[in-house]
Amino acid sequence: ADAAAHAAAEQATADKLVKRRYAAAADHFNRDVKKGLQFLQAAGLLTPPGSEAAPAAVGGGAPAPAVRCPKMLARFFRLTQSLDKRSVGEFLGERDEFNQAVLREYTWLFDFSGDPIEEALRLFIESFLLPGESQKIERITDIFAQRFYEQTEPGVFGHPDAVHILTFSIIMLNTDRHSPNVKKRMTIDEFVRNNRGINGGADLPKALLVRLFHSISANEIRLKDDGDLVSKAVAPARMLAKTIRQAEAAGGMSTLGDFGLHDQELFLSVWGPVVAALSVVLDSATDPVVISDALHGFTSCARIAGRFEVHEALDNLLSNLARRTLLVDAPFDRVAVLFGKSAKAQGALQTLIELALRHGDQVREGWRSVLDC
């Protein structure tokens, strides 16, 4: 039982580390799509499970680029709540072969079984923002139509093209009914007439078109990000409630035990604020005891970072200490005097050298800070 709990705890830690990488990737993606994709690929988040790294080229050349899996990127788009919806929509609408493969995988992550077409379209389109370019909208709605037709009971639509044309018509109706710029709005008869003969030369049931007209008129499909904070807050809350219900249905929440397996995860979460707090205390302290305690805090933090091989934390610690020695930023003609008069600067240099010697094998960029002193 202990072994099973131990394995479960390790898996939970690994899953949280992956989620942290996805959060970082989302931040990169929102600032620059290409850099976000590069981060995902470098972190191995676009590589299919079980795939190995690309072998080196014949003759000892550079390894071939890692395979980008459309399904993995589609799941990233579908499950990451913090992504910029406009960037996702623009990416899915591009004509590039990889983008279109991602669009197809993304659309196939939706289950439209039993949904009316307007509700399926609403679920799909509101997960990102439709691009403004008509050709991109065409590509996106075409794939949606194929997926919806595949999951629709036979009888109403004779071909995916009928779904595609009706989808475009619904989007136009949505704009007509809810845009403040439209002066003369479409009537039911006009909407029905506009959709004659689209089902392989035959008409769709008039009852279907009338229902669509009233449904869209009463409930807008959001095609733009209007800053609706309520909607943005409700979606994560619904996901959390669903997760809790699933856990309760499976027998309730469980605990994994305390094996110290989450210590690294906790340190990764807190080391940044801890170093910042220690730096503030060291800057403002005048009491020798407080200065000594702050420097001891740097040493303790470095010991934990070394234990878990968190190189970034070690580099950050050394960089912060180097700035407190006054040897980096002080005017050259006064550096000796300022350093000689400051017990704080001398203590920072001593701690810096001790940490560099003790953890030198794990220091990366931090060596530059050491050498600057």
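This is a short chat about what is buried, what packs together and how helix lengths check out in a predicted model.

Visitor: Why is E265 called buried?

Guide: The cut-off is under 20% relative accessible area, and E265 has 10%, so it counts as buried. E265 belongs to helix α12, residues 263-284.

Visitor: What is E265 in contact with, leaving aside its neighbours within four places in sequence?

Guide: T13, K16 and R20. There's also a distance for E265 and F308: C-alpha to C-alpha they are 9.6 Å apart in space, with their positions 43 residues apart in sequence.

Visitor: And Q151, why does that count as buried?

Guide: Again the line is drawn at under 20%; Q151 comes in at 18% relative accessibility, so it is buried. Q151 sits in the loop between α7 and α8. Not counting residues up to four places away in sequence, Q151 touches F110, D111, F112 and S113.

Visitor: How do you know that the length of helix α7 agrees with what it should span?

Guide: You take 1.5 Å times one less than the number of residues. Helix α7 has 17 residues (134-150), so it should span 24 Å, and its end C-alpha atoms are 24 Å apart, which agrees.

Visitor: Which residues of α7 are buried, and what do they pack against?

Guide: The buried ones are K136, I137, R139, I140, T141, I143, F144, A145, R147 and F148. They pack against α4 (85-93), α5 (97-107), α6 (117-125) and α8 (160-178).

Visitor: What makes the span of helix α10 agree?

Guide: Try the sum again: α10 has 13 residues (206-218), which should span 18 Å, and the end C-alpha atoms are 18 Å apart, so the two agree. Its buried residues are L208, L209, L212, F213, S215 and I216, and these pack against α6, α8 and α9 (188-194).

Visitor: What makes a set of residues a nonpolar core?

Guide: They have to be buried residues of the nonpolar kinds, joined through side-chain atoms within 4.5 Å. The largest such core here has 53 residues, and L73, F77, L92, F124, F157 and L166 have the most contacts inside it.

Visitor: Which residues does F157 touch?

Guide: Not counting residues up to four places away in sequence, F157 touches I117, F148, Y149, T152, A162, V163, L166, N199, L204 and L208. There's a second, separate core too, with 27 residues, including F267, L278, L321 and V363.

Key. Residues numbered from 1 in each chain as written. Predicted model: local features only at pLDDT ≥ 70, side-chain atom pairs only at ≥ 80, totals over all residues. Heavy atoms only, no water. Buried < 20%, exposed > 50% of the residue type's maximum accessible area, 1.4 Å probe, protein only. Contact = heavy atoms within 4.5 Å. Helix = DSSP H or I, 4+ residues; strand = E, 2+ residues; numbered from the N terminus.
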